[in-house]
Amino acid sequence: RESAMLARRVARAMGPRGARCLGTRTKYDVLGVPPTATDAQIRDAYYALARETHPDSAAAKPGAGRRFAEASTAYALLRDPQRRAAYDLQLRAGSVADELDDGAFNARLKALLAKGQLAGALALFLSPAAGAGPAGPDGRRVDPEAGDALLRGLLARQHVRQAAAVFARLRDGDGALSARAANAWFAACVRHGRAGDAAAVYNCMRERGLEASPATEACMRQARAYRWSVSYSGNAPGAGGGPSGEQSPD
């Protein structure tokens with residue numbers, strides 16, 4: 001429920017700019033309704049299409065089966081309030097991001113964060129045109145400082161799922177991931193019991209030469225010590241005092 005509320009806030013924060021990503025046929029287009037359509041209008045539009053396109057209908061024409069499948073998929077998404085809110089978020093943010101070059105994109109992202117408008121910043125960051133990879137016509141190069149601020153802002157408000165999406169985009173970007181952001185996400189993974197994710201973050205930091213904080217290093221030493229002690233207690237000691245000659249971590 002909290003994630004759905006954030007999604008609705010993000011959609012509102014981006015304003016009423018076009019609800020269409022350029023060159024994309026939306027779910028609203030499939031049903032022939034505007035993005036502002038009510039639940040009743042969406043339902044009526046779907047039932048009307050279903051009567052015309054259902055394969056068993058006498059009025060069905062060639063290709064009706066494909067149209068019926070598209071309409072059913074669109075209706076399944078738009079009838080669910082949470083899924084519709086998230087979908088609207090993507091459409092609105094994509095429309096805005098398409099109009100900005102790299103400099104304007106990052107300037108807007110930083111301005112939203114500076115004003116504490118986390119919902120608007122998240123919408124802009126998650127837009128399809130805002131990839132954190134190399135700058136180009138299909139993406140925006142996200143400033144590492146802005147990405148770090150967004151990630152930590154989400155974690156401060158316990159929006160872990162959204163923070164995971166932000167971290168993934170920063171990680172996959174060209175130089176977009178900072179040591180500060182990586183350490184923040186590592187700490188969050190530990191707090192929320194995501195041991196596998198925490199280990200993956202640490203390995204990512206080592207591969208990229210990002211400096212782990214003292215707290216991160218201490219946590220990893222404890223994890224290695226725990227694994228060693230569990231392994232030792234369940235196996236015969238090796239030549240080195242631990243299993244298979246393994247030495248205890250420092």
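## Close-up views of an all-helix chain

**View 1. Surface and fold of the protein chain.** The protein chain exposes about 13,600 Å², and carbon and sulfur atoms supply 51% of that area. The model is predicted. Twelve helices and zero strands make up its count of elements. From the N terminus, the order reads α-α-α-α-α-α-α-α-α-α-α-α. Of the 250 residues, 39% count as buried. Contacts with a separation of 6 or more were also sorted by distance along the chain: 59% of them join residues 24 or more positions apart.

**View 2. Tyr-46 and Tyr-47, a tilted pair.** The structure holds four aromatic pairs. One of them joins Tyr-46 and Tyr-47, with 5.6 Å centre to centre and 50 degrees between the planes. That angle makes the pair tilted, because stacked requires under 30 degrees and edge-to-face over 60. The two residues differ in exposure. Tyr-46 has 12% relative accessibility and counts as buried. Tyr-47 has a relative accessible area of 40%, so this residue is partly exposed.

**View 3. Tyr-46 and Tyr-75, a stacked pair.** Tyr-46 also pairs with Tyr-75, at 4.3 Å centre to centre and 5 degrees between the planes. This pair is stacked. The pair links distant parts of the chain. Tyr-46 lies in helix H3, residues 39–53, and Tyr-75 in helix H4, residues 64–78. The two tyrosines are 29 residues apart. Tyr-75 is buried, because its relative accessibility is 9% and the limit is under 20%.

**View 4. The tyrosine cluster.** Tyr-46, Tyr-47 and Tyr-75 form one aromatic cluster. Tyr-46 takes part in both the tilted pair with Tyr-47 and the stacked pair with Tyr-75. Within the cluster, Tyr-46 and Tyr-75 are buried, whereas Tyr-47 is partly exposed.

**View 5. Arg-169 over Phe-125.** Here a charge meets a ring. The charged end of Arg-169 sits over the ring of Phe-125. Its distance from the ring centre is 5.8 Å.

**View 6. Cys-189 and Cys-204, two buried cysteines.** Cys-189 has 0% relative accessibility and therefore counts as buried. Cys-204 is buried too, with a relative accessible area of 9%. A disulfide is a covalent bond between the sulfur atoms of two cysteines. A search of the whole structure finds zero disulfides.

Notes:
Residues are numbered from 1 along each chain as its sequence is written. This is a predicted model: local features need pLDDT of at least 70, side-chain atom pairs count only at pLDDT 80 or more; totals for chains, interfaces and linings use all residues. Side-chain values use heavy atoms; hydrogens and water are left out. A disulfide is a pair of cysteine sulfur atoms within 2.5 Å. Buried means under 20% relative accessible area, exposed over 50%, partly exposed in between (1.4 Å probe, protein chains only). Helices (H or I, at least four residues) and strands (E, at least two) are DSSP runs, numbered from the N terminus. Contact means heavy atoms within 4.5 Å. Accessible areas come from the Shrake-Rupley method with a 1.4 Å probe; for residues, only the protein chains shown count as cover. Rings of Phe, Tyr and Trp (its six-membered ring) pair if their centres lie within 6.5 Å; planes under 30 degrees apart count as stacked, over 60 as edge-to-face and the rest as tilted. A charge sits over a ring if NZ of Lys or CZ of Arg is within 6 Å of the ring centre and within 35 degrees of the ring normal.
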